[in-house]
Amino acid sequence: MLDLDRQCITRIAAGDQTGLADLYDRHATAVYSLALRIVKRPQDAEDVTQQVFTQAWRTAARYDHGRGVVAAWLLMMSRSRALDCLRRRTAARDSSSDDAVMAAIPDPGPSVEYVVATKQQVTRAQTALDALPPEQREAVELAYYGGLTQSEIAERTSTPLGTVKSRVRSALQALRAAMGGSGLHAGEQS
Amino acid sequence: MTDDPQDLPVLDALGRAVPQVAPPAELRARVLAAATAAAQEDAPAVVARPTPTPAPARVAEPDRPGSSSSRWPWLLAAAAALIAVFSSLGWVGARREVERLHTTIAELRTNATALLAVRADFDRAQSASQRVLAILSAEDVHYTALGGQPPTPGARGRVYMSPTRGLLMAADALPALPAGRTYQLWTIVAGQPVSHGVFDPEANGRAQVIADAPPGAAQAFAVTVEPAGGVPAPTGPKVLLGVPAL
């Protein structure tokens, strides 16, 4: 699986359009689904998907294979572009854009050993997400799918910042536990 | 939310823990066209070559609308100049503005390539229409009805053939074929089959093929079912057949 992705990247870097087509066929649904979850409007999700694969095509030659899993790279671009799109839509009323919103969740740098989550792990995360107390789940969803900082979440939900912080912390702990904690980093797939 | 590298799998899983929705089918072609068009504009390291497909004769090759892309560079240049101004002023917040302009440039590129794709579709359709008109209005055009054969008795077809302008075949009620199979149009000239290429009908069973006229007098027209990509000489069952009146 992973080798196929890397082959796609290598082919794209060599200017082979079929490499991009294969990459699209393998990951378009995941990229589009995440974008749709964030931007809600299908038209915008299509634009985000287009931007993600355009960026993949343009930057494949510089893709650092040591940086991790291709699918995770695409999803990260999808989330980041989708949040850009969301922010542009709300830019008119957004005066607090000086906050480095994206700093809420940093992109992993090249040195980070990134481990892809298997389908099973995703199901586990999904189940764990469903099992969170509603206020914790809301906080995580606003942070991840809404791109909000913890202060923005506090404001949005009329909750003290300290409470939001502890909710996010607890939610992450629960999710991490559900994902098998540090055992994930055994790197059986990397 | 978290900057603990340990949480990266959690973040990745959150990215996938969403309802999986397949994007619309037509997005694929748009994405591939836009991505490669964008790269051709500004990435010297990457040369995109569309892969050759087994030449369906369905539509005439469009003129590449290369000239339209020349309308965009000035917009990009203007945006780039603005970026330079903002950077040199060193305003507080200028960096954010630069990022926004970068996004604007990316959007303009995306829009430009989407427009080019639309324009290419339009050119293709227009070119096909002109060719159809030229064939149908040619002085030497001949009409031949094609009848459905035993495997598909309900299918019908029509061939308009002008030795000077080309050939138009239109068919109705062609059933969809299983994967790996395609329809192929033939003219029999001097007892030998001449291929006019492969085609697939629309969902409503209709199909059109526009092709060059065969080299010589047509003795018959036929549509057969062949392996995907087509074959040099017919091997599969005939689904449509017609013999021109003498």
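In what order do the eight strands of the open sheet in chain B lie? Keep that question in mind as you open the model, which is a predicted one. The answer is S5-S4-S7-S8-S1-S2-S3-S6, with antiparallel pairing.

**Stop 1: chain B as a whole**

Select chain B and color it by secondary structure. You should find four helices and eight strands. Walking from the N terminus, you meet them in the pattern α-α-α-α-β-β-β-β-β-β-β-β. Chain B has 246 residues, and 28% of them count as buried. If you look at contacts between residues at least 6 apart in sequence, 64% join residues at least 24 apart.

**Stop 2: the two edges of the sheet**

Now show the sheet by itself. Which strands are its edge strands? Select residues 192-199 for strand S5 of chain B and residues 207-211 for strand S6 of chain B: each of these pairs on one side only. Turn the view so that you look across the strands, and you can follow how neighbors are turned by 20 degrees against each other on average, direction ignored.

**Stop 3: in from the S5 edge**

Start at S5(B) and add strand S4 of chain B, residues 181-189. The two strands pair in the antiparallel sense over six bridges. For a landmark, show Trp186(B), whose bridge partner in S5(B) is Ser195(B). Then follow the chain around the hairpin, where two residues lie between S4(B) and S5(B). Pause in the turn at Ala190(B), which has a positive phi of about 50 degrees.

Further along the strand order, select residues 218-227 and 238-242 of chain B, which are strands S7 and S8. Four bridges join this pair, and the strands run antiparallel. Show Ala222(B) and Leu241(B) together, since the latter is the bridge partner of the former in S8(B).

While you have side chains on display, one general point is handy: in a regular strand they alternate between the two faces of the sheet.

**Stop 4: in from the S6 edge**

Move to the other edge and select S6(B) with strand S3 of chain B. S3(B) and S6(B) pair in the antiparallel sense over five bridges. Show Ala170(B) here; its bridge partner in S6(B) is Gln208(B).

Is strand S3 of chain B largely enclosed or largely open? Select residues 166-172 and check their surroundings: five of the seven residues are buried, so S3(B) is largely enclosed by the rest of the structure.

On to strand S2 of chain B, residues 156-162, which is joined to S3(B) by seven bridges and runs antiparallel to it. Met161(B) stands opposite Leu167(B) in S3(B). The connection between S2(B) and S3(B) is a hairpin through three residues.

**Stop 5: over to chain A**

Hide chain B and select chain A. Here you find eight helices and zero strands. Chain A has 190 residues, of which 44% count as buried. Of its contacts with a separation of 6 or more, 70% are between residues 24 or more positions apart.

Select helix H6 (residues 134-144) and helix H8 (residues 161-178) of chain A. Their axes come within 8 Å and cross at roughly 90 degrees. The helices H6(A) and H8(A) are therefore roughly perpendicular to each other. To see the contact, show Glu135(A), Gln136(A), Arg137(A), Ala139(A), Val140(A) and Ala143(A) on H6(A), with Val164(A), Arg167(A), Val168(A), Ser170(A) and Ala171(A) on H8(A). By class, this contact has six nonpolar, two polar and three charged residues.

Next, click on Arg124(A), which sits in helix H5, residues 119-131 of chain A. With 19 C-beta neighbors inside 10 Å, Arg124(A) counts as partly exposed, because a buried residue needs 20 or more. Draw a C-alpha to C-alpha distance to Leu175(A): it is 8.6 Å, although the two are 51 residues apart in sequence.

**Last stop: color by confidence**

Finally, switch to pLDDT coloring. Chain A has a mean of 76, with 74% of its residues at 70 or more. In chain A, confidence is lowest in H5(A), at a mean of 74, and highest in helix H3 (residues 42-59), at 91. Residues 92-117 of chain A stay under 50, and residues 181-190 of chain A are also below 50.

For chain B the mean is 80, and 76% of its residues reach 70 or more. Select residues 43-67 of chain B, where pLDDT is below 50. For the complex, the predictor gives an ipTM of 0.72 and a pTM of 0.46.

Note on methods: Residues numbered from 1 in each chain as written. Chains lettered and ligands numbered in written order. Buried ≥ 20, exposed ≤ 12 C-beta atoms within 10 Å, placed from the backbone. Contact = placed C-beta atoms within 7 Å. Pairing = 2+ DSSP bridges. Axes fitted to C-alpha atoms, helices over the stretch in contact; angles between N-to-C directions. Parallel < 35°, antiparallel > 145°, perpendicular 65-115°, else oblique. Nonpolar A, V, L, I, M, F, W, Y, C, P; charged D, E, K, R; others polar. pLDDT = per-residue confidence, 0-100.
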